[in-house]
Amino acid sequence: MNPKPRKRFAQHWLKSEEALDSIAEAANLQKSDRVLEIGPGTGVLTSRLLPQVRAVVAVEIDRDLCKKLVKSLGKQENFLLLQGDILSLDLDSLLVPFPRFQAPNKVVANIPYNITGPILEKLLGTIREPSQTEYDLIVLLMQKEVADRLVAEPGTKAFGALSVRVQYLATCEYICCVPSKAFYPAPKVDSAVVRLIPRSVLPAVINPNNLDILVKLGFANRRKMLKNNLKSIVESDRLVQLLEKLNINPQSRAENLSLQDWITLSNNLQGE
Ligand code: SAH
């Protein structure tokens with residue numbers, strides 16, 4: 001019997017073999033891989049990963065689950081379990097005594113949905129401070145609504161500040177939808193598997209702080225035109241001129257600008 005899921009840790013046990021297959025396949029697992037798993041829970045995904053890779057280091061916050069995981073998977077020599085909060089622990093230093101598990105090159109996880117944003121930030125960093133740890137690939141099962149935002153194209157409803165921020169740091173690919181009935185207990189929302197490939201070379205931005213502020217202000221009120229949302233940092237007439245010069249419609253709303261448009265705009269607004 002699986003342990004009773006705890007709401008406060010956003011526990012939903014994945015029971016669909018099909019979903020587990022999709023996650024493993026999307027991770028393109030290799031014998032040499034060192035995988036970081038966030039929230040192994042009862043270990044269903046972990047058990048899939050272990051036979052296929054060199055090492056799995058899993059971080060689980062729930063002490064009771066950790067005891068169970070040690071019992072069920074503790075004997076496997078390529079498994080290391082760390083009890084703690086993924087958001088606050090310092091993985092690099094904790095792994096110093098465990099050479100086999102150091103510097104994981106992939107992240108594969110069915111994450112706790114209540115901290116999706118902070119997990120993305122922990123793994124990828126921010127526009128201002130991109131992460132130093134560079135993973136080859138990250139496969140996450142997350143709520144579908146967030147997945148849609150990560151892969152959204154400009155000009156669509158789902159395209160927002162999160163899309164620009166994450167797409168700046170990684171290429172994002174939608175793998176498949178996972179219906180809520182694939183879990184116990186079924187979450188209120190559908191889920192989706194997403195693959196992120198962190199960019200090893202970031203797009204050329206002269207001043208990342210500038211881009212960060214621009215995206216924040218630009219999307220502050222989605223119904224307003226960009227020139228109105230950016231009034232506090234650039235005079236509206238001047239912005240219209242600049243947008244025309246850059247071949248961006250001056251009537252645009254933030255959602256109409258592509259990642260490249262944001263970067264070009266930021267680079268051309270130096271010193272404003
Ligand atoms: N991977 C499992 C469980 C997913 S549910 C499965 O697919 O069935 C999310 C898991 O993340 C739970 O086990 C929960 O206890 C754990 N978790 C929640 N918050 C966490 C945090 N801050 N750090 C690490 N693990 C966390």
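**Entry 1. Second largest pocket**

I looked up the second largest pocket in this predicted model and found 13 lining residues, with K7, A10, H12, P187 and K188 lying nearest its centre. I noted a volume of about 290 Å³ for this pocket. Sorted by class, its lining comprises seven nonpolar, three polar and three charged residues.

I then checked the backbone at A10, one of the residues nearest the centre of that pocket. A10 is not a glycine, yet I read a positive phi, near 55 degrees. I placed A10 in the segment before β1.

**Entry 2. Largest pocket**

I turned next to the largest pocket, which holds about 420 Å³ of space. I recorded 29 residues in its lining; F9, G39, E60, I111 and P112 are those nearest the centre. I asked which elements each supply at least two residues of this lining. I listed β1 (13–14), β2 (34–38), α2 (44–49) and β3 (55–60). The class count I obtained for the lining is 17 nonpolar, eight polar and four charged residues.

**Entry 3. Y184 and the cis peptide bond**

I located Y184 in strand β8, which spans residues 183–184. Leaving aside residues up to four places away in sequence, I found Y184 touching P5, H12, W13 and K15. For the pair Y184 and P5, I noted a C-alpha separation of 8.2 Å, although the two are 179 residues apart along the chain.

I also examined the peptide bond between Y184 and P185 and found it to be cis, with omega at about -10 degrees. I assigned P185 to the loop between β8 and β9 (191–198).

**Entry 4. N28**

I checked phi at N28 and found a positive value of about 45 degrees, although N28 is not a glycine. I placed N28 in the loop between α1 (17–26) and β2.

**Entry 5. Packing of α7 and α8**

I asked at what angle helix α7 (residues 161–169) and helix α8 (residues 208–218) pack. I read an angle of about 155 degrees, with the axes 9 Å apart. Because angles over 145 degrees count as roughly antiparallel, I entered α7 as roughly antiparallel to α8. I recorded the crossing of α7 past α8 as right-handed.

I listed the residues that meet: A161, V164, R165 and Y168 from α7, and L211, D212, V215 and K216 from α8. I counted five nonpolar, no polar and three charged residues in this contact.

Note on methods. Residues are numbered from 1 along each chain as its sequence is written. This is a predicted model: local features need pLDDT of at least 70, side-chain atom pairs count only at pLDDT 80 or more; totals for chains, interfaces and linings use all residues. Side-chain values use heavy atoms; hydrogens and water are left out. Axes are lines fitted to C-alpha atoms, for helices over the stretch in contact, and angles run from 0 to 180 degrees between N-to-C directions. Helices (H or I, at least four residues) and strands (E, at least two) are DSSP runs, numbered from the N terminus. Angles under 35 degrees count as roughly parallel, over 145 as roughly antiparallel, 65 to 115 as roughly perpendicular and the rest as oblique. A crossing is left-handed if the near helix is turned anticlockwise from the far one by less than a right angle, and right-handed if clockwise. Contact means heavy atoms within 4.5 Å. Ala, Val, Leu, Ile, Met, Phe, Trp, Tyr, Cys and Pro count as nonpolar, Asp, Glu, Lys and Arg as charged, and the others, Gly among them, as polar. On a 1 Å grid over the protein atoms alone, a cavity is a set of points where a 1.4 Å probe fits but cannot get out, and a pocket is an open set with protein on both sides within 12 Å along at least five of seven lines; lining residues have an atom within 4 Å of a point. Grid points are joined across faces, edges and corners, and a volume is the space filled by probe spheres set on the points.
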